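Me: I should like to study this structure through a few questions. Please reason through each answer.

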Amino acid sequence: WEFNGSFYQPSAFLIKGIPGLEALHHWISIPFCALYIIALSGNCMILFLIKKTPSLHEPMYYFLSMLAVTDLGLVLCTLPTTLGIFWFNVRRIGFDACLTQMYFIHILSFIESSVLLAMAFDRFIAISHPLRHPSILTRTTVTKIGVAILLRAVVSLLPLPFLLKRLTYCGKTELSHSFCFHPDIMKLACADIKVNVLYGMIILLSTVGMDFIFIVLSYILIFKTVIRLATKEECLKALNTCVSHICAVLVFFIPMIGLSMIHRFGKNAPPLLNTLVAYTYLIIPPALNPIIYSIKSSQIREALLRALQRK
């Protein structure tokens with residue numbers, strides 16, 4: 001512990017795996033390793049195929065490559081501490097290292113939310129204004145959108161580590177997960193955390209919350225456009241281009257909303273439920289997104305088959 005007058009700050013926090021199943025951590029690590037391998041290899045494959053295939057140099061696939069990079073970042077942020085505790089029971093993480101991990105986890109989560117919104121906008125333009133789509137979403141425009149997404153996440157979350165660093169902490173140092181999460185760290189403080197709670201709520205609602213609302217509005221407009229199409233075949237063809245994106249949105253937002261609700265209102269929720277929702281939120285989307293797009297996108301499948309045939 002570091003002591004400075006009445007100011008107390010732990011030198012480290014203790015992370016934990018799955019509560020009640022500590023004796024089975026070595027066995028539990030097997031499915032986690034499988035998910036991490038799928039996430040790493042799948043997203044690297046997506047990036048490789050998009051880079052090497054000229055026909056995939058389109059806005060939809062540029063946004064998909066942004067999603068893949070974000071998923072890789074999330075995997076690399078949580079993998080060391082998660083497998084460290086499952087394999088070697090390494091529970092200690094330094095205070096500053098914990099704040100750094102927390103900052104990047106939240107940044108990448110916010111970026112993923114914004115990229116999903118950009119992909120929804122791309123689908124709306126492609127279906128509602130197909131002839132103007134190439135001129136609206138040029139490569140320069142896509143690059144500017146990507147930079148804006150990154151800057152919004154970095155700037156909006158920059159105060160979080162400093163808001164946590166100013167707090168005085170009590171004797172408890174054990175976190176609820178195998179990674180560092182802002183609401184989790186905040187609850188260990190014995191100081192007034194109203195500023196942290198208020199800022200966290202405002203940022204969450206004004207970024208991820210607004211992203212989700214605009215994604216829903218985009219699909220309302222898409223469905224209105226699709227209904228006006230002449231034939232049933234055209235309707236199904238248009239909607240089929242959105243299926244993979246809808247799956248990615250549900251896989252990301254449902255666990256995220258669930259975890260936020262548990263941390264803010266689920267004081268009596270079982271620790272196991274909290275842990276499982278957190279792992280679902282941070283590990284399942286990076287593993288499933290490449291599978292979803294590989295199955296539903298014929299262009300990705302064809303590029304993968306060509307790559308395998310060349311080998």
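**Helix H2 and the cavities**

Me: How many residues does H2 have, and what span does H2 reach from its first C-alpha to its last?

Reply: The model is predicted: local features need pLDDT of at least 70, side-chain atom pairs pLDDT 80 or more, while totals for chains, interfaces and linings use all residues. Residues are numbered from 1 along each chain as its sequence is written, and side-chain values use heavy atoms, without hydrogens and water. A helix here is a DSSP run (H or I, at least four residues), numbered from the N terminus. The expected span, 1.5 Å times one less than the number of residues, is 44 Å, and H2 comes close to it with 30 residues and 43 Å.

Me: At which residue does H2 bend?

Reply: The bend is the angle between axes fitted to the seven residues ending at a residue and the seven starting there. In H2 this angle is about 40°, and proline 80 follows within four residues of the bend, which lies at leucine 79.

Me: Is glycine 73 buried or exposed?

Reply: Glycine 73 belongs to H2, which covers residues 59-88. Buried means under 20% relative accessible area, exposed over 50%, and partly exposed in between (1.4 Å probe, protein chains only). Because its relative accessible area is 17%, glycine 73 is buried.

Me: Why is H2 described as largely enclosed by the rest of the structure?

Reply: The description rests on a count of residues in H2. H2 is largely enclosed because its buried residues number 24 of the 30.

Me: How far apart in space are glycine 73 and phenylalanine 104?

Reply: In sequence, glycine 73 and phenylalanine 104 are 31 residues apart. In space, their C-alpha to C-alpha distance is 8.4 Å.

Definitions and conventions:
Helix = DSSP H or I, 4+ residues; strand = E, 2+ residues; numbered from the N terminus.
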